[in-house]
Every structure is written in C-alpha cells, then in structure tokens.
Amino acid sequence: MRSQVEASSFFNILFELLPTVIDKHGPVTPLSRLLKYAARQEIERVFCEEKGLSVQFGPFGELLFPFHRMGAVDSRNLFDLDELILFSFYSTNKGRYKKVLDAGANLGLHSIILSRCGYDVIAYEPDPIHYALLVENLKKNRIVGVEAVNKALSTVESDLQFIRVLGNSTSSHLAGAKANPYGDLEYLTVKTCIFKEVMNDVDLVKMDIEGHEKDVLLSTSAEEWFHTDAMVEVGCKENADAVFIHFKSMKINLFAQKNGWDRVESINDMPTSYRDGSLFITAKEQMPW
C-alpha cells in the first residue's frame, strides 16, 4: 500500500473556485496573484523533495508525482497556477471532449490529469530524458489511458535537431524554434510527426512546444478546426502576431486567458509568452467553461 500525505483541502477548494471566476484568470488580476501565491505554498509543502509521497489532488484523486530537478526549475513548477487553471478546464469539459493530444507532454502531469478526467490521451514528448520520466510517472499512477510517443510534432515527418537547455529543460526545443537559446546546451536528433495528421484523430489539443507552435498552427486550415479545439502556449510576440493573422483570416475564434477568456479582437489581446497564460483556439462562438 502506498504511503499518502493527508488530503489537502486547499486543492478541493481551489478546483471548486476556479470555474466560477474565469474572468479573474488573467495573470495580473489581484485574485490570480493571490491564488498563485497560495498554490505555490501548498505545492512546495506537499510535493517537496523529502516527502516523495502521494497526494490527494482535489477531484483528480491520488497523485504520485516524484520531485525531479530540470535545471533551475523543478517538477513543482509544473503545478503553477496557469497549469492548475488548465486542469480545471479539463475537469469542467470532461463531457465535451473524448480524445486529447498532449503536445509537449514533459513529465506527463497533464496526461495524468487528462486521463483521470476520463479522456483518451496521446502524449508526444521528444526529449528522451523527459519521455522516460513521463512513462515512469504514468506507471506510478497506474494510468492506462495514455499512449506515449517519444517524438516531436512538426510540419514534416523527419529527423530534426533538438536543443536541450540544461539550465531549464522545460525550455528545450526544436532547433530554430527560439532565436537565442541561452546557457549550456546539448544537441540531439529527434524524430518528428506531422501535427495535422495527429490532430485529425483528437478533439482537443494541449500544446506547449516551446516556440514551434507558430509553424504547426500556420500549417492548419479552417476545416481542421471544425472538430478540434486547442489550448496553446504562445512563446513570443512574433508568434503571437502570426497566429492572430492566420486564424482571423480563417474566421476561427481565439480566446485569451490574459483577458479573462474574452474573445481576442486585436493583436494587443494576444498572449506573447507563458507569463500571459494560454490561448484557446476554436470554431465555437463561446469559450466552453
């Protein structure tokens, strides 16, 4: 039997609260700043390096997610408030979607939460170190509804250069996706799959692919969004501008966390980094909360 930390009432309250205050999800609102601080305190308490125990994680049940360093950041950063907001979205919409693509799955936290919500998940993670930990975390949590793939998503099926950022491996990326990667770097070759082909088999995409989002999103047509929605992290202003123009030209709707999930009407409404929260892409007329 697993050892278990006493259930945290904080997560029960937080996940009950988040769907009721979606207009306050923008990172600069007072409520968001307060919740970010409170969530960080609780995450550091229950997922600290010394404990390594399972946690009763709100509506998602018992979660075993061992501490792991990724340079200057660690596995606790994967529980930042913006990620918890996405977990709330998954839970709220578990009757709306069936199969989800976790693009840039990292250590597998989103895949675990998605599976706990009842979705079938296909998880793509190109970094072989992160991929091995992803597979291990799925096993530790007895997750069987996730297909894990050790490849990157791109516009071509090929072998491409991948840059591992040793100071923060969550920032690792396909070569060319970021203009000026910093610090000590490792270079390796990874296999890629064509995003559009994978997208056709799912009805929701969670995308965090470190700057390559512009290329894969601009490769899509309007018809491909009639059956699929996406939650996307946008990496820079150049990508934000290009994504905005592309989807506006196709009359596909964008909704931004930074604006309390209001519709994106101008380039100024677009998120330009992870600090602005996520971008939701859909052919629907409303943000489904």
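A crossover is right-handed if, with the strands pointing away from the viewer, the path from the first strand over the helix to the second runs clockwise. I wrote that down before opening the model, which is a predicted one.

**Entry 1: a β-α-β unit**

I looked up strand 6, helix 5 and strand 7, and together they make a right-handed β-α-β unit. Strand 6 covers residues 120-124 and strand 7 covers residues 146-149. Helix 5, the helical part of the unit, takes in residues 128-140. I then checked how the strands pair: strand 6 and strand 7 do so in the parallel sense, over four bridges. For one position I noted the partner: A123 has A148 of strand 7 opposite.

**Entry 2: the two sides of helix 1**

Which residues of helix 1 are buried? I found F11, L14 and F15 in this helix, which spans residues 9-17. They sit on the same side of helix 1, because they cover an arc of only 90° around the axis. I recalled the rule behind this: an α-helix has 3.6 residues a turn, so residues three or four places apart point the same way. On the other side of helix 1, I listed I13 and E16 as exposed.

Next I asked what the buried residues of helix 1 pack against. I noted helix 2 (30-46), strand 1 (55-56) and helix 3 (81-92).

**Entry 3: H110**

I went to helix 4, residues 109-116, and picked out H110. Is H110 buried or exposed? Its relative accessible area is 7%. The cut-off for buried is under 20%, so H110 counts as buried.

I listed what H110 touches, leaving out residues up to four places away in sequence: E83, L86, F87, Y90, D102 and K206. With E83 there is also a polar contact between the side chains, at 2.7 Å.

**Entry 4: two residues with positive phi**

I looked up K251 and found phi near 60°, a positive value in a residue other than glycine. K251 belongs to the loop between helix 8 (237-250) and strand 14 (253-256). I read its relative accessibility as 72%, and K251 counts as exposed.

W261 was my other case: its phi is near 65°, also positive, and this residue is not glycine. I located W261 in the loop between strand 14 and strand 15 (262-263). Its relative accessible area is 4%, and W261 is buried. I put the two side by side in my notes: K251 is exposed, whereas W261 is buried.

How values were computed. Residues numbered from 1 in each chain as written. Predicted model: local features only at pLDDT ≥ 70, side-chain atom pairs only at ≥ 80, totals over all residues. Heavy atoms only, no water. Buried < 20%, exposed > 50% of the residue type's maximum accessible area, 1.4 Å probe, protein only. Arc of directions from axis to C-beta. Contact = heavy atoms within 4.5 Å. Pairing = 2+ DSSP bridges. Polar contact = N/O pair within 3.5 Å; in protein donor to acceptor, adjacent residues only side chain to side chain.
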